[in-house]
Amino acid sequence: MTDADAVVVGAGPNGLAAAVTLARSGLRVHVLERNPTIGGGARTMEVTLPGFRHDICSAVHPMAVASHFFREFQLARRVELRHPPVAFGHPLDGGRAGIAYPDLDRTAERLGRDGPAYRRLMAPLVARADGVAEFTGSNLVGVPSDLLAASWFALRSLEQGSPLWNLRFADDVVPAMLTGVAAHTILPMPGLAPAGAGLALGAYAHAGGWPIPVGGSQAIVDALADDLLAHGGSITTDAEITDLGDLPSARAVLLDVTPRALLRMAGDRMPRRYARSLRRFRYGNGVAKVDFALAGPVPWSNSELRSAGTVHVGGTRAEIAQAERDVAQGRHAGSPYVLASQPSIVDESRAPSGQHVLWTYTHVPRGSAIDQQEAITRQIERFAPGFRDLILAASSRTALDVERYDPNYVLGDIAAGAPSLGQLVRRPVVSTDPWRTPLPGVYLASSSTPPGPGVTGLNGWYAALSALRHEFGTRARPNLSVG
Ligand SMILES: Cc1cc2nc3c(=O)[nH]c(=O)nc-3n(C[C@H](O)[C@H](O)[C@H](O)COP(=O)(O)OP(=O)(O)OC[C@H]3O[C@@H](n4cnc5c(N)ncnc54)[C@H](O)[C@@H]3O)c2cc1C
């Protein structure tokens, strides 16, 4: 195809969000994807046994629900999003656990003497969860539209991101819960970026829950692809682009790739100053992932965890902080932090009747080639004795395998660039329009741009709006709604 107005490289959530936005603006859009199927970080496949469908990367989608792009796209009308009764849970030794319900009062009531303190910490963020989403979903350089939400969020991030993070609490359950969420960032703690991410995700848990799509994350990208095709777009798979010169001519080129890949694709065409900025962009530590096919549900000692969509496994705040410190210092943690999701508790399409899938990953030093199946199994077994006996099959991927699957995850970094505070503002450059590169008509659309990682489609949406403005002279935002 050579007659496209815009070419998009990469059919991840952001590439497809960009493509949909452009196609909905009446442009002819063509998407090129290196893998045999679309989806990038949102694919669902059988990788263990027939009938067991596993999310290869993303699994749980509070960020999609909070995303302005997906709200305009009316994702909830296109994909069935199910809300587990417990958004996330956090086991501790002795059968104890922190349980986050999609209801702050109920959560606080069950947290013993730290309940009121947890409620006071979270209540302003839960009440203004849309404002928090608006702020964290921006490139952080403009004036927030909900100043109050941004201020509450900033103050609480400062507290939870500092050595004062335990000041409000007397017991170990709430600190562990907060740390389990903050640890999603794969950064040392306490720190501002983990605290901010943790508080935003925590607020979404109580404001609406952490939903799981029926059919897996693939359903989200399939909905995007369907909309693109319905509006005249096209997609070619098995099409890896290594040089911008190989692309069909088009007025706009949107790249769902990292700065590292952009540098390679542009070669000598890239202005030196910008190339220097891209070379300064830092990639974070990695993940090693294990998908399990199970003969039954995970036998958590604390039975409430059996209805949790997500479980943060790793023990107390101090243990998890130590595990993340180990990783930051280039070591595999002795007692690792494990992120687990149990999609088949709400979506029966994932596994044969009575059986289950379990999605897990742990953090490892970037570029690790060490299999983590045993380390993850042992850590889950600690809080769910008998887990090991339920394993029918497992598929294990090291950090290097994760990059092999999708080169955006450089050395296993699932954020496509460390989401430190500095790199949330400088992503990959400090600019009011960081999606636009100095190469004529070329835009970066991946999660290496603001607002960072997660299945939000926002990065692609912003890149497409920038391209519409600069290449096609329109400031109008297309209607993305169903129909
Ligand atoms: C293990 C794991 C777990 C995760 N869990 C969650 C979660 O639960 N919830 C959540 O919100 N987020 C999660 N994420 C993060 C989320 O998946 C990503 O932030 C998101 O997918 C980024 O979207 P993207 O479109 O920018 O990039 P990607 O999804 O990585 O897509 C990039 C696409 O571009 C293609 N591509 C790259 N280079 C080229 C090239 N040269 N030529 C052609 N095609 C190319 C790739 O094959 C890929 O299809 C997880 C990620 C991983 C890896």
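This report describes the ligand environment and the salt bridges of a predicted model.

The model is predicted, and local features require pLDDT of at least 70, side-chain atom pairs count only at pLDDT 80 or more, and totals for chains, interfaces and linings use all residues. Residues are numbered from 1 along each chain as its sequence is written, and side-chain values use heavy atoms, with hydrogens and water left out.

**Ligand environment**

The ligand is surrounded by 36 residues, a residue being near a molecule if one of its heavy atoms lies within 4 Å of it. The closest are E33, G41, D256, D406 and G454. By class, the shell holds 18 nonpolar, 12 polar and six charged residues; here Ala, Val, Leu, Ile, Met, Phe, Trp, Tyr, Cys and Pro count as nonpolar, Asp, Glu, Lys and Arg as charged, and the others, Gly among them, as polar. Helix α1 (13-23) and strand β14 (356-364) each supply at least two residues of this shell, and α1 gives the most, with three residues. Helices (H or I, at least four residues) and strands (E, at least two) are DSSP runs numbered from the N terminus.

Oxygen atoms of the ligand make polar contacts, that is, pairs of N or O atoms within 3.5 Å, with the residues tabulated here.

| Residue | Protein partner | Distance to a ligand oxygen |
|---|---|---|
| N14 | polar backbone atom | 2.8 Å |
| E33 | N or O atom in the side chain | 2.6 Å |
| A59 | polar backbone atom | 3.0 Å |

The protein covers 95% of the 1000 Å² of accessible area that the ligand has on its own, as computed by the Shrake-Rupley method with a 1.4 Å probe.

**Salt bridges**

Side chains of opposite charge can pair when their charged atoms come close. The structure holds 25 salt bridges, each defined as a side-chain nitrogen of Lys or Arg within 4 Å of a carboxyl oxygen of Asp or Glu.

One of them joins R34 and E240, with the closest N and O atoms 3.6 Å apart. R34 lies in the loop between β2 (29-32) and β3 (44-45) and E240 in the loop between β9 (234-236) and β10 (252-255), so the pair ties together parts that are 206 residues apart in sequence.

Another salt bridge connects E159 and R168 at 2.8 Å, N to O. E159 is buried at 19% relative accessible area, whereas R168 is partly exposed at 28%; buried means under 20%, exposed over 50%, and partly exposed in between (1.4 Å probe, protein chains only).

D243 pairs with R269 at 2.5 Å between the closest N and O atoms. This pair links the loop between β9 and β10 to the loop between α12 (259-266) and α13 (272-280), 26 residues apart.

Key:
A polar contact is a pair of N or O atoms within 3.5 Å; within protein, one must be able to donate a hydrogen and the other to accept it, and residues adjacent in sequence count only if both atoms are side-chain atoms.
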